[in-house]
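Please find below a colleague's note on the structure, set out as numbered points. The points begin with one side chain and then turn to the helices, the strands and the chain as a whole.

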Amino acid sequence: MIHTLVLPADLAQHIVEERRLNPRDRDGRGWQSVNYTSQPFAWFDAVYQQVEQLEGSIDSWWFNVNAPGEYINWHAHVRWAKVAVLYVTVPSGLIEFKDGASYWTETPKQGELLVFPGKLAHRVRPNDSTEQRISVAFNFKGK
């Protein structure tokens, strides 16, 4: 399922500042913030509330920033029935999914919240642009 959200104009700037303040080396796989189990940022509250209104209570969430050449490897969120990714900036990078023998890709757009089952394996292809790709990932409570 895909929802389109209204994002604050300065959201990407705030997330990039979080990366600067809290660097975490992931060996070419981009930056990922710590996992949050609450919402500590006043500048993120409107977005957080939109996501909860659309999809329910958030269990944990985090920011992702992929500079040119960075990517996210295959993984799944098997502890959660439902997860989502919110695309803040999308200069490049398909998200790929696989489920057994089935394989497909999605081309996300800025402001889209892509919701899918947590057991679904997915990865993000390398960022082949000169800009940063920024997203926010969510795991939801309940089944």
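**Note on the predicted model**

1. Arg-19 has a relative accessibility of 21% and therefore counts as partly exposed, since the buried class is reserved for values under 20%. This assignment, like every other value in this note, is computed from a predicted model. Arg-19 belongs to helix α1. Beyond residues up to four places away in sequence, Arg-19 touches Trp-31, Val-65, Ala-67, Glu-70 and Gln-132. A further reference distance is that to Asn-64: 45 residues separate Arg-19 and Asn-64 along the chain, and their C-alpha atoms are 8.9 Å apart.

2. The helix that carries Arg-19 spans residues 11-21, and its buried residues are Leu-11, Ile-15 and Glu-18. These residues cover an arc of only 50° around the axis, which places them on the same side of α1. In general, an α-helix has 3.6 residues a turn, so residues three or four places apart point the same way. Gln-13 and Arg-20 are exposed, on the other side of α1. The cover over the buried residues of α1 includes β2 (31-32), α2 (45-55), β3 (58-66), β5 (82-89) and β10 (133-140).

3. In the second helix, α2, the buried residues are Val-47, Tyr-48, Val-51 and Glu-55. Viewed down the axis of α2, they fall within an arc of 100°, so they line one face of the helix. Their packing partners are β1 (2-4), α1, β3, β5, β8 (112-117) and β10. Gly-56 follows α2 and has a positive phi, near 105°. The reviewer may wish to note that a glutamate is among the buried residues of α1, namely Glu-18, and that Glu-55 is one of those in α2.

4. Strand β5 contains Val-88, which counts as buried because its relative accessibility is 3%. Outside its neighbours within four places in sequence, Val-88 is in contact with Leu-7, Leu-11, Ala-12, Ile-15, Gln-110, Ile-134, Ser-135 and Val-136. Two residues in this list, Leu-11 and Ile-15, are buried residues of α1. Val-47 is 41 residues from Val-88 in sequence, and the C-alpha to C-alpha distance between the two is 11 Å.

5. Ser-135, one of the contacts of Val-88, is located in strand β10. A relative accessible area of 8% makes Ser-135 buried. Apart from residues up to four places away in sequence, Ser-135 touches Trp-62, Phe-63, Asn-64, Val-85, Leu-86, Tyr-87 and Val-88. Ser-135 and Leu-113 are 22 residues apart in sequence, with 9.5 Å between their C-alpha atoms.

6. Is Lys-109 buried or exposed? Lys-109 counts as exposed, because its relative accessibility is 52% and the exposed class takes values over 50%. Its place is the loop between β7 (102-106) and β8. When residues up to four places away in sequence are not counted, Lys-109 touches Tyr-87 and Val-90. Tyr-87 is also among the residues that Ser-135 touches. The C-alpha atoms of Lys-109 and Ser-92 are separated by 9.5 Å, and the two residues lie 17 positions apart along the chain.

7. Turning to the overall architecture, the protein has two helices and 10 strands. From the N terminus, the order of elements is β-α-β-α-β-β-β-β-β-β-β-β. Of the contacts with a separation of 6 or more, 77% are between residues 24 or more positions apart. The contact between Val-88 and Leu-7 may serve the reader as a starting point for inspection.

8. How does the radius of gyration bear on the overall form, and what is its value? The protein has 14 Å, which agrees with the value near 15 Å that a compact globule of 143 residues would have. Along the principal axes, the C-alpha atoms fill a box of roughly 40 × 35 × 25 Å. Of the 143 residues, 45% count as buried.

9. The accessible surface of the protein is about 7,600 Å², and carbon and sulfur atoms contribute 49% of this area. The side chains include 15 positive and 16 negative ones, and the centres of the two sets are 7 Å apart.

Note on methods:
Residues are numbered from 1 along each chain as its sequence is written. This is a predicted model: local features need pLDDT of at least 70, side-chain atom pairs count only at pLDDT 80 or more; totals for chains, interfaces and linings use all residues. Side-chain values use heavy atoms; hydrogens and water are left out. Helices (H or I, at least four residues) and strands (E, at least two) are DSSP runs, numbered from the N terminus. The radius of gyration is taken over C-alpha atoms; the globule rule is 2.2 Å times the number of residues to the power 0.38. Buried means under 20% relative accessible area, exposed over 50%, partly exposed in between (1.4 Å probe, protein chains only). Contact means heavy atoms within 4.5 Å. Accessible areas come from the Shrake-Rupley method with a 1.4 Å probe; for residues, only the protein chains shown count as cover. Lys and Arg count as positive and Asp and Glu as negative; His and the chain ends are not counted. The place of a charge is taken as NZ of Lys, CZ of Arg, CG of Asp or CD of Glu. The arc is that of the directions from the helix axis to the C-beta atoms.
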